[in-house]
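Here are my notes on the model, set down as numbered points. Have a look at the structure first, then read on.

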Amino acid sequence: KAVFKQARKENICKYSPAENILLEEYVDGCDLEVKTNEERSFSIEDNAKLKEYALQHTDNPHALVLLVSMETGLRIGELVAIKKPDVMEHFFHIHRQQRKIPKSETNEHQEFVVVNYTKNERQNPRGGRKTPITTECKRILDIALAYPGESEYVFHHKDGRPIQKDSYGQYLKRVCKRLGITATNNHAFRIAFNGRLDRAGLELNTKCLFLGNSPETNM
């Protein structure tokens, strides 16, 4: 409904066919299979396998993104959009994200842009949030900041090009399959990190501040 509402607003179409579709009818055509916890989140054992593999391949910038993701629970678009001035002594200032522009808007050439807001602050900007840098994360950051190539971004290729979130996502998926891990996307790090904060005894509101989501989403 939102797609057609926007299309009408931009005079792309004159009416919304979605208005004639009942939710019950739509749901009948959907895949309602619920993923198990193992399919949604990385276990402690999975994290150990991924960490061991990535530490053996720190010459690949995608491996560095993986290691920092494990230590921060950041969204994939936030990770690859981190610029060097965003790295403070004890925390990241997370206030931007990388977004993919639809091919229909770029003549079929895929493009990625960095915008100055995060997913949860798109319509309500609040200057971003601070995400703590753990001791282990600092060790990986030192490797990333010393990586060959000139770039304003923390994670980049040797020619200075920033890492694209899709290429990192594909890398993570390949590594997970190689290691026999069921979950294969970066969000699994986010869920695992949330559980890690929970086991550490952090209150719900504090976890939400670190992860940049609502209490309902966090729960």
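1. Let's start with Glu78, buried or exposed? In this predicted model, Glu78 has a relative accessible area of 1%. Buried means under 20%, so Glu78 counts as buried. In the chain, you'll find Glu78 in helix H6, which covers residues 76–79.

2. Which side chain makes a polar contact with the side chain of Glu78? That would be Arg129, at 2.8 Å. Arg129 also turns up in the list of residues that Glu78 touches once those up to four places away in sequence are set aside; the others are Ile94, Arg96, Gln97 and Thr118.

3. On to the largest nonpolar core, which has 36 residues. The members that touch the most other members are Phe42, Leu50, Leu66, Phe92, Phe155, Tyr168 and Phe189. Helices H4 (44–55), H5 (61–72), H7 (135–145), H8 (165–178) and H9 (187–199) each give two or more residues to this core, and so does strand S1 (91–94). H5 supplies the largest share, with seven residues.

4. Leu50 is worth clicking on. Leaving out neighbours within four places in sequence, Leu50 is in contact with Phe42, Leu66 and Phe189, which are also listed among the core residues touching the most other members. The rest of the Leu50 contact list is Met70, Leu172, Val175, Cys176, Leu179 and Ile181.

5. How do H5 and H8 sit relative to each other? Their axes come within 10 Å and cross at roughly 80°. Angles of 65 to 115 degrees count as roughly perpendicular, and H5 and H8 are therefore described that way. On the H5 side, the contact is made by His62, Ala63, Val65, Leu66 and Ser69, while H8 brings Ser167, Tyr168, Tyr171 and Leu172. Sorted by class, this contact has six nonpolar residues, three polar ones and no charged ones. Two of the names here, Leu66 and Tyr168, are familiar from the core list in point 3.

6. Finally, the overall picture. The protein has eleven helices and four strands, and its C-alpha trace spans about 55 × 40 × 35 Å along the principal axes. Of its 219 residues, 39% count as buried. As for contacts with a separation of 6 or more, 57% of them are between residues 24 or more positions apart.

Methods:
Residues are numbered from 1 along each chain as its sequence is written. This is a predicted model: local features need pLDDT of at least 70, side-chain atom pairs count only at pLDDT 80 or more; totals for chains, interfaces and linings use all residues. Side-chain values use heavy atoms; hydrogens and water are left out. Buried means under 20% relative accessible area, exposed over 50%, partly exposed in between (1.4 Å probe, protein chains only). A polar contact is a pair of N or O atoms within 3.5 Å; within protein, one must be able to donate a hydrogen and the other to accept it, and residues adjacent in sequence count only if both atoms are side-chain atoms. Contact means heavy atoms within 4.5 Å. A nonpolar core is a set of buried Ala, Val, Leu, Ile, Met, Phe, Trp, Tyr and Cys residues joined through side-chain atoms within 4.5 Å. Axes are lines fitted to C-alpha atoms, for helices over the stretch in contact, and angles run from 0 to 180 degrees between N-to-C directions. Angles under 35 degrees count as roughly parallel, over 145 as roughly antiparallel, 65 to 115 as roughly perpendicular and the rest as oblique. Ala, Val, Leu, Ile, Met, Phe, Trp, Tyr, Cys and Pro count as nonpolar, Asp, Glu, Lys and Arg as charged, and the others, Gly among them, as polar.
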